[in-house]
Amino acid sequence: MTVKTATQDGIPDGTDSSWVSECDYPGTLLERIHGWVITVDHKRLGIMYVLLALAYLLVGGVLAILIRAQLAVPNNHLISPQVFNRLFTLHGTTMIFLSAMPFIFGFANYLVPLMIGARDMAFPRLNAFGFWLTFFSGLLLYFSLIGGEGLSGAGTAPDVGWFAYSPLTSRAFSKGHSTDYWILGVMVGGFGSIATAINIVTTIITMRCPGMTLMKMPLLAWLYLVVGGMVLIAISPLTAAQIMLLLDRFLGAHFFDTQAGGSAVLWMHFFWIFGHPEVYILVLPAFAFASEIIPVFSRKAIFGYPVMVGATVAIGFVSLSVWAHHMFTVGLGPTANTFFTISTMFVAVPTGMKIFNWIATMWGGKLIFATPMLFSVGFLAQFLIAGLTGVMLAAAPFDWQLNNSYFVIAHFHYVIVGAIIFMIFAAIYYWFPKATGRMLNERLGKWHFYLFVIGFHLTFDTMHVPGILGMPRRIYTYEADRGWGTLNFICSVGALFQGAALVVFVFNIIRSLQKGAIAGSDPWNAWTLEWSTPSPPPSYNFATIPEVRSRRPLWDIKHPTDPDWNYE
């Protein structure tokens, strides 16, 4: 494999100047902003996705701290019940649709073309279209704070929960337009997700560099290929349900109106056919990051590459058949309950195989506990616990007792925060040098990790207990004699630790952009193609499209007497 290096003017020898965008050269501030707004460069779009996701992560974090402040002590009236409903609706919608999804699409945009040796995504303009749909979906949702009740009255946020169960979304229980903004925001974001998923799948299938067969792709590309397919399948039912809900609210269609012959359970099916595959849509990219980071910091190739690919495909298929374990208490009947119990437990098998393979990769390796590896190890431990509580909830009788309790909230956040957010942090620390040319500060990174891991376990380990003791989710206060007061106070203290960790993280980013150590092209001594380009890469990525013969092309260059293709 050969990759030409940059000359002094920043353009590799032999490169057609048409590949170089005018946005690569400095201009006035307005010209730079204009360049970012009109860009179709996958790297710039990826960075904008991640910045958008980070902004909404901070917003969602503030909402979470307000929720925990209200629940910190019994009989608290810091926040009214109406505002509390709005807070947890915005928190859930923001974290899933406006933070987690843009994070995973941002990394896909930035990394997939670089890792498969392509110059851009297959459809650059569709890529930009998908981003701006996501951007405006967030504005639509938060415009409800101004226009939710209509122009003649005060605005308000949606208060129907991020799941929007019927009949809470009917005109009788959700007056004004706040729910309409929620519907439109989620729907527009769904169109953006579908556009991006089409782009990811097409790029991976059709634009791999010479020599990169499917079984020579980086695992990140494999995982994103499966994620793209899942997005196309899972988002469509949610979008259809949003259209049906709009028809209910404006044209009297009665799809979900039980008093007029509709079905509230129908909405639940539509939502969770999206909702549970969505968990795997978010966690598979976390698996992708772990599969790239753990081998580099273990100084070993990934253990069991074919098994990891097979497990990924298996998770993609099985995860589409588990949605109704969210509905064990609605009266599906023993046959349906049994099927969804078995399918939910079965999805743990390929997931467990991945955990064993990551541990086997670390076993006997020369472990380097830089910040990306610390977050990856935290992810391994926490996702294992999340999987165990998931198997517990897969048992219908157990779920019957704890459904809609704080035990479910703790399990869910163990997946979303303990696995997905931890690996997003790991990925940012790992690929930040490639995107910016600067290293994030390791000392601040470790402060971020330890504060966050302490806060995480204070909050979500403790949260399982009030759930077992019977504390329902979505209540805004509780009586002092329930025995939940001390436990909730500990949960709320943990949220403050996590907030402090996020402040350290943001400070680290700002400081490192200005004063961070120069990264060079390959600061981690890694093995995949993105590390063969300058940091940050030029707009055209590669002056000459690379050719590969193994899964670790940079290893082959660095060790020509012991190339990987001898062992694959």
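**Entry 1. The ring cluster**

I looked up the aromatic cluster, in which ring pairs link F375, Y414, F422, F425, Y429, F449, Y450, F452, F456, F460 and F505. The rings of Phe, Tyr and Trp (for Trp, its six-membered ring) pair if their centres lie within 6.5 Å; planes under 30 degrees apart count as stacked, over 60 as edge-to-face and the rest as tilted. I noted that the structure holds 52 aromatic pairs.

I recorded the source before going further: this is a predicted model, in which local features need pLDDT of at least 70 and side-chain atom pairs count only at pLDDT 80 or more, while totals for chains, interfaces and linings use all residues. Residues are numbered from 1 along each chain as its sequence is written, and side-chain values use heavy atoms, with hydrogens and water left out.

**Entry 2. F422, F449 and Y450**

A pair of aromatic rings is described by the distance of the centres and the angle of the planes. I therefore looked up both values for F422 and F449, whose pair is edge-to-face, with 6.4 Å from centre to centre and 85° between the planes. Since F422 lies in helix α13 (residues 406-436) and F449 in helix α14 (residues 442-468), the pair ties together parts that are 27 residues apart in sequence. Helices (H or I, at least four residues) and strands (E, at least two) are DSSP runs, numbered from the N terminus.

Are F422 and F449 buried or exposed? I found that both F422 and F449 are buried. Buried means under 20% relative accessible area, exposed means over 50%, and partly exposed lies in between (1.4 Å probe, protein chains only). F449 counts as buried because its relative accessibility is 7%.

I then looked up the pair of F449 and Y450. Their ring centres lie 5.0 Å apart and their planes stand at 70°, so this pair is edge-to-face. Y450 has a relative accessible area of 44%, so I entered Y450 as partly exposed.

**Entry 3. F452**

I located F452 in helix α14. With 3% relative accessibility, F452 counts as buried. Which residues is F452 in contact with, leaving aside its neighbours within four places in sequence? I listed V417, I421, F422, F425, Q498 and A501. Contact means heavy atoms within 4.5 Å. I also looked up F452 and M212, which are 240 residues apart along the chain; their C-alpha atoms are separated by 38 Å.

**Entry 4. M392**

M392 lies in helix α11 (residues 371-394). I entered M392 as partly exposed because its relative accessibility is 35%. Leaving aside neighbours within four places in sequence, M392 is in contact with F398 and F407. M392 and M345 are 47 residues apart in sequence, and I read 9.0 Å between their C-alpha atoms.

**Entry 5. Backbone exceptions**

Most residues other than glycine have a negative phi, and most peptide bonds are trans. I looked up residues that depart from this.

The peptide bond from S166 to P167 is cis, with omega near 10°. P167 is in the loop between α4 (124-147) and α5 (178-206). S535 and P536 are also joined by a cis peptide bond, with omega about -5°. I placed P536 in the loop between α15 (485-515) and α16 (553-558).

N75, a residue other than glycine, has a positive phi near 50°. Its place is in the loop between α2 (42-71) and α3 (81-116), and its relative accessible area of 38% makes N75 partly exposed. N525 is not a glycine either, yet its phi is positive, about 55°. I found N525 in the loop between α15 and α16; N525 is partly exposed, with a relative accessible area of 37%.

**Entry 6. The whole chain**

How many helices and strands are there in the chain? I noted 16 helices and 0 strands. The C-alpha atoms fill a box of roughly 70 × 55 × 45 Å, taken along the principal axes. A compact globule of 568 residues would have a radius of gyration near 24 Å, and the chain agrees with its 24 Å. This radius is taken over C-alpha atoms, and the globule rule is 2.2 Å times the number of residues to the power 0.38.

I recorded that buried residues make up 57% of the 568 residues. Among contacts between residues at least 6 apart in sequence, 80% join residues at least 24 apart.
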